[in-house]
Amino acid sequence: MDRARRALITGGAGFIGSNFTLYMRAKNPDARIVVLDKLTYAGNLENLAPIKRDANFSFIKGDINAFETVDSVMREDNIDTVVNFAAESHVDRSILGPRAFVETNVMGTFTLLEAARKNWLGGGASNDKRIFLHVSTDEVYGSLGETGYFTEETPYSPNSPYSASKAASDHLVRAYHHTYGLPVITTNCSNNYGPYQFPEKLIPLITINALTGKPLPVYGDGGNVRDWLHVEDHCAAIETALDRGKIGEVYNVGGRAERKNIDIVNLICGAVDAAVNSDKALRELYPFDGSRKKLITYVKDRPGHDRRYAIDCAKIEKELGWTPAVAFEDGVRATVDWYVKNRKWWERVMSGEYVKYYERQYGGRSARP
Ligand code: NAD
Ligand code: DAU
């Protein structure tokens with residue numbers, strides 16, 4: 001990070017937000033970092049424990065929809081950088097209950113933009129460090145066939161309540177630049193994986209179910225394709241966009257690592273088998289006879305399931321010099337090792353609300369004929 005920013009990181013207790021907060025702290029000890037997070041089921045202060053005593057860091061439990069809260073943080077901390085991770089982020093939950101997605105992803109982003117407009121464009125000294133970086137997703141582009149890639153020019157075609165709410169937020173961010181001159185950058189990234197990911201998403205869910213000997217639910221025929229990026233690479237892309245990105249621009253971020261879901265599930269089974277078999281204590285903790293691939297269970301498909309995502313990240317590579325560094329298979333093995341070593345973390349987040357969600361999402365999901 002090239003400058004000592006004064007950053008408001010929203011959603012900084014979630015998966016990518018907490019990885020980014022720790023990354024930014026490590027890169028720039030002089031940066032002022034304020035995390036604002038509502039601590040929904042997906043937010044976990046434990047993720048930020050390594051920096052909780054840092055004098056240049058504060059945590060505020062709050063909602064991005066609360067204008068007074070956001071406004072006072074921006075004013076009192078003289079914020080020059082907003083990185084907006086706060087969102088409802090899980091597609092399956094958006095199908096079960098879309099309202100929270102509209103409230104947080106659309107109205108919450110709108111509220112943040114209004115606070116930035118008031119604080120940055122309402123008169124007073126200007127500051128050329130100011131950036132509102134909106135973290136978005138490749139899902140806004142819809143679904144691809146067997147070939148082709150999403151570029152920054154691909155028309156929006158969101159298919160789930162989640163992606164529709166993210167698309168709406170992207171449009172608002174764009175409009176605030178175009179209309180008011182707010183200094184914004186939007187990044188649209190592909191599927192992330194790595195430490196601290198909530199176990200509702202494919203990679204941590206399959207890892208933990210494989211460890212604990214539970215069925216491994218594969219939606220539909222398992223042939224859906226996603227483009228995977230290690231979270232550390234996403235953090236580096238956001239840092240690059242903050243340091244060298246052009247105001248008003250959009251950057252697609254992806255891993256050039258397209259994989260079918262079933263191939264990922266098989267890869268995780270192999271990684272879990274290898275990790276457990278190599279250690280006597282783990283063999284006793286997670287006894288299993290044979291390969292965990294036998295736990296694979298094809299289940300009823302996700303409604304409206306997008307078939308394929310693939311990002312063309314040539315723009316951020318060529319114009320800003322960022323490129324993904326973590327090879328997918330290495331990243332997955334490291335991630336499996338993290339979940340093996342951090343059982344207390346996932347046991348805590350999988351109690352309470354998670355049990356109800358899991359039952360609702362998977363309990364009545366019959367095996368695919
Ligand atoms: P996450 O669900 O793990 O974390 C979201 C965080 O936002 C949580 O800490 C939650 O408490 C907080 N939050 C939710 N509603 C809030 C509100 N109203 N006010 C304040 N905080 C609130 O999500 P994630 O996977 O870390 O994703 C972060 C961002 O990156 C999202 O905007 C998502 O759309 C985007 N994104 C995610 C991926 C991915 O693969 N996970 C890929 C591309 C883009
Ligand atoms: O593409 C970026 C998006 O990636 C982000 O914007 C979202 O926040 C993030 O959740 C992710 O969305 P996906 O829907 O692609 O991720 P998920 O981990 O839920 O699913 C990945 C693929 O695996 C998808 O094709 C559905 C499938 N799947 C998922 C789960 C949870 C299964 O087959 N079984 C499962 O149990």
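A polar side-chain atom of Asn-261 lies 2.9 Å from an oxygen atom of ligand 2. The protein covers 95% of the 700 Å² of accessible area that ligand 2 has on its own. This is a predicted model. Its strands include an open sheet of seven and an open sheet of three. Ligand 1 has 28 residues around it, and ligand 2 has 25.

**Ligand 2**

- The closest residues to ligand 2 are Asp-138, Tyr-162, Arg-302, His-305 and Tyr-362.
- The side chain of Arg-302 places an N or O atom 2.6 Å from an oxygen atom of ligand 2.
- Thr-137 does likewise with its side chain, where an N or O atom is 2.7 Å from an oxygen atom of ligand 2.
- Three elements each supply at least two residues of the shell: α3 (91-96), α6 (202-212) and β8 (216-219).
- β8 gives the most, with three residues.
- The shell around ligand 2 holds 10 nonpolar, eight polar and seven charged residues.

**Ligand 1**

- Ile-16, Asp-37, Ser-89, Tyr-162 and Lys-166 come nearest to ligand 1.
- Tyr-162 is thus named among the nearest residues for ligand 1 and among the closest for ligand 2.
- In the side chain of Asp-37, an N or O atom is 2.6 Å from an oxygen atom of ligand 1.
- The side chain of Lys-166 also has an N or O atom 2.6 Å from an oxygen atom of ligand 1.
- Phe-15 uses its backbone: an N or O atom there lies 3.1 Å from an oxygen atom of ligand 1.
- On its own, ligand 1 has 840 Å² of accessible area, and the protein covers 97% of it.
- The elements giving two or more residues to this shell are α1 (15-27), β5 (131-137), α5 (161-180) and β7.
- β5 gives the most to the shell around ligand 1, with three residues.
- By class, this shell has 12 nonpolar, 12 polar and four charged residues.

**The seven-stranded sheet**

- The strand order is β3-β2-β1-β4-β5-β6-β10, and the pairing is parallel.
- β3 (57-61) and β10 (250-253) are the edge strands, each pairing on one side only.
- From one strand to the next, the twist averages 15°.
- Strand β4 (residues 81-84) runs parallel to β5, and four bridges join them.
- Val-83 has Leu-133 in β5 as its bridge partner.
- Helix α1 lies across β1 (6-10), β2 (32-37), β3 and β4, and runs at about 160° to β1.
- Helix α7 (residues 231-244) packs on the sheet and touches β4, β5, β6 (184-189) and β10.
- The direction of α7 makes about 145° with that of β5.

**The three-stranded sheet**

- Here the order is β7-β9-β11, with mixed pairing.
- The edge strands are β7 (191-193) and β11 (258-260), and each pairs on one side only.
- The twist averages 50° from one strand to the next.
- β9 (residues 225-230) and β11 run antiparallel, joined by three bridges.
- Val-225 stands opposite Lys-260 in β11.
- Helix α8 (residues 261-277) packs on this sheet, touching β9 and β11, and its direction makes about 85° with that of β11.
- Helix α11 (residues 328-341) packs on the sheet too, touching β7, β9 and β11.
- The direction of α11 makes about 45° with that of β7.

Note on methods. Residues numbered from 1 in each chain as written. Chains lettered and ligands numbered in written order. Predicted model: local features only at pLDDT ≥ 70, side-chain atom pairs only at ≥ 80, totals over all residues. Heavy atoms only, no water. Near = heavy atom within 4 Å. Polar contact = N/O pair within 3.5 Å; in protein donor to acceptor, adjacent residues only side chain to side chain. Areas by Shrake-Rupley, 256 points an atom, 1.4 Å probe, with all protein chains shown as cover. Nonpolar A, V, L, I, M, F, W, Y, C, P; charged D, E, K, R; others polar. Pairing = 2+ DSSP bridges. Axes fitted to C-alpha atoms, helices over the stretch in contact; angles between N-to-C directions. Contact = heavy atoms within 4.5 Å.
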